[in-house]
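Here is a friendly walk through one protein model, written with a computational chemist in mind. Have the sequence and the coordinates open as you read.

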Amino acid sequence: MASSTSAKLVWSPLLALLLMSVCDASSVKQPEGSSVVFSIENYGARGDGKHDDTQALVKAWSAACSSSRLAMLLVPNGKSYLLKSTTLSGPCKSTVVFMVKGTLVAPPSRSDWTENNIRHWIMFQGISDLTVTGGGAINGNGEVWWKNSCKTNEALPCTQAPTALTFHMCNNLKVDNLKIINSQQIHMSVEDCTDVQLSHLSIRAPGTSPNTDGIHIMRSKDVQVRECIIKTGDDCMSIEDGTHNLHVTKVVCGPGHGISIGSLGDDNSRAAVSGITIDSVQLYGTTNGARIKTWQGGSGFAKDIIFQNIIMDNVQNPIIIDQSYCDSAKPCKDQESAVEISNIVFKNIRGTTTSKDAIKLSCNKNSPCSDISLENIELKLEGAKGDTESTCQNAKWRKSGNVVPSPCKGNN
């Protein structure tokens, strides 16, 4: 791509398509036949954004989950429902559709959380055949958490903060057509789940908001993510230990930290990630593009990973593998062991970067990265201010087609 202008022109149709998809709540399929609707307003919810509607939601969920008929739990349009930390658990007797047409909003004060529930705001746990949809919004009210983060103010102690929306041990899960905004920390986390479809999501927080990952996936398999817009202050997607068979397509990312495999191997832990495909993604203004990051001292593997058909505009580190990742207040000590990284493909990637080092492969001397394939890559400095370069340490790579910058001369 010759300039950032051409990249932006490419994006416009896809952005329009995604925005229409996210905003068009009329496209949501309603339960048919013998379904029954459980509106939270029938269980005492006020929807004024001030009174606590948590118990109304819990009662409506209990009724819907106990129904022997196809159930819809309805959050009506046009109102804001204040919710404190809550867990909605299964198993349920029948299929449940959680239809969010209005807004679910978190309390504005940190005092509404305790040590026992501070990790989660809304959690769905142990449910099969759940659909969450409706075109409404989930608002984490995260500003007060960001101001009190040690990443915003280094003088403050580092403390935990809630994940806005967590799915834990859910099978055959569908999350579609939602807006998730201003999370306290991570916006959505998928943990220990199987057969997951995430689509037409709009996830947004300021680029300066700390630790506000868009979609976080761990210990889950057979996951599809498609046609989402993610603008946050951290990773648009973070893919962590135990993730297998993940396919991501048509995601627009930025601002944020790009799409990351990891971090893996923290606290000398073992990690296993495989079968990841990141396809047809557009990143703009992100600090990283396609990234794999692992801590020293870890073990296990990250393998069979493909980043392909990616457009980047004004991305600081477009392609990066870092086996010495360190996100700690103190310097990380050198350790010999590392998570093994192998069979990684970077293919059909083009765009502009603000960094001269457009390709960085920084691997461990005791456990070098192997089978790294660089195919048809064209990354140029923003504003055509010179040539891009690549750096490699302990990486075994091969190239195919035209690769700009030329990969790591003499270091293969």
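## Disulfides

Cys-326 and Cys-332 are joined by a disulfide, with an S to S distance of 2.0 Å; the term stands for a pair of cysteine sulfur atoms within 2.5 Å. This is a predicted model, so local features need pLDDT of at least 70 and side-chain atom pairs count only at pLDDT 80 or more, while totals for chains, interfaces and linings use all residues. Residues are numbered from 1 along each chain as its sequence is written, and side-chain values use heavy atoms, with hydrogens and water left out.

By the disulfide rule, the count comes to 6. With the bonded cysteines numbered in sequence order, the pairing reads 1-2, 3-4, 5-6, 7-8, 9-10, 11-12. Some of these links are set out here.

| Disulfide | S to S distance | Torsion about the S-S bond | Handedness |
|---|---|---|---|
| Cys-236 to Cys-253 | 2.1 Å | about 85 degrees | right-handed |
| Cys-326 to Cys-332 | 2.0 Å | about 80 degrees | right-handed |
| Cys-363 to Cys-369 | 2.0 Å | -100 degrees | left-handed |

How exposed are Cys-326 and Cys-332? Cys-326 has 35% relative accessibility and therefore counts as partly exposed. Cys-332, at 29%, is partly exposed as well. The scale behind these words calls a residue buried under 20% relative accessible area, exposed over 50%, and partly exposed in between (1.4 Å probe, protein chains only).

The link between Cys-236 and Cys-253 has buried ends: Cys-236 is at 0% relative accessibility, and Cys-253 is also at 0%. Cys-236 lies in the loop between strand 16 (221-231) and strand 17 (237-239), and Cys-253 lies in strand 18 (residues 244-253), so this disulfide ties together parts that are 17 residues apart in sequence. Helices (H or I, at least four residues) and strands (E, at least two) are DSSP runs numbered from the N terminus.

In the left-handed link, Cys-363 counts as buried at 6% relative accessibility, and Cys-369 is buried at 0%.

## Cysteines without a partner

Cys-170 is in no disulfide; the nearest cysteine sulfur belongs to Cys-193 and is 4.8 Å away. Cys-170 is buried, at 0% relative accessibility. Why is the sulfur of Cys-228 not in a bond with that of Cys-236? The closest cysteine sulfur to that of Cys-228 is the one in Cys-236, and because it is 11 Å away, it is too far for a bond. Cys-228 is buried too, with a relative accessible area of 0%.

## Aromatic rings

The model holds 6 aromatic pairs. Rings of Phe, Tyr and Trp (its six-membered ring) pair if their centres lie within 6.5 Å; planes under 30 degrees apart count as stacked, over 60 as edge-to-face and the rest as tilted.

One of the pairs is Trp-113 with Trp-145: the ring centres are 5.4 Å apart and the planes stand at 85 degrees, so the pair is edge-to-face. Trp-113 is in the loop between strand 7 (103-105) and strand 8 (120-125), while Trp-145 is in helix 3 (residues 143-147), so the pair ties together parts that are 32 residues apart in sequence. Both Trp-113 and Trp-145 are buried.

Phe-124 and Phe-167 give a stacked pair, 5.3 Å centre to centre with 10 degrees between the planes. Phe-124 is in strand 8 and Phe-167 in strand 11 (residues 163-168), so to speak of distant parts of the chain, the two are 43 residues apart. Phe-124 is buried, as is Phe-167. Ring pairs also link Trp-61, Phe-98, Phe-124 and Phe-167 into a cluster.

Charged side chains meet some rings. Arg-110 lies over the face of Trp-145, 5.7 Å from the ring centre, and the charged end of Lys-303 sits over the ring of Phe-301, 4.7 Å from its centre. The rule asks for NZ of Lys or CZ of Arg within 6 Å of the ring centre and within 35 degrees of the ring normal.

## Overall fold

The secondary structure comes to 3 helices and 28 strands. The radius of gyration is 22 Å, close to the 22 Å that the globule rule gives for 412 residues, so the protein is as compact as a globular protein of that length. This radius is taken over C-alpha atoms, and the rule is 2.2 Å times the number of residues to the power 0.38. Of the 412 residues, 54% count as buried.
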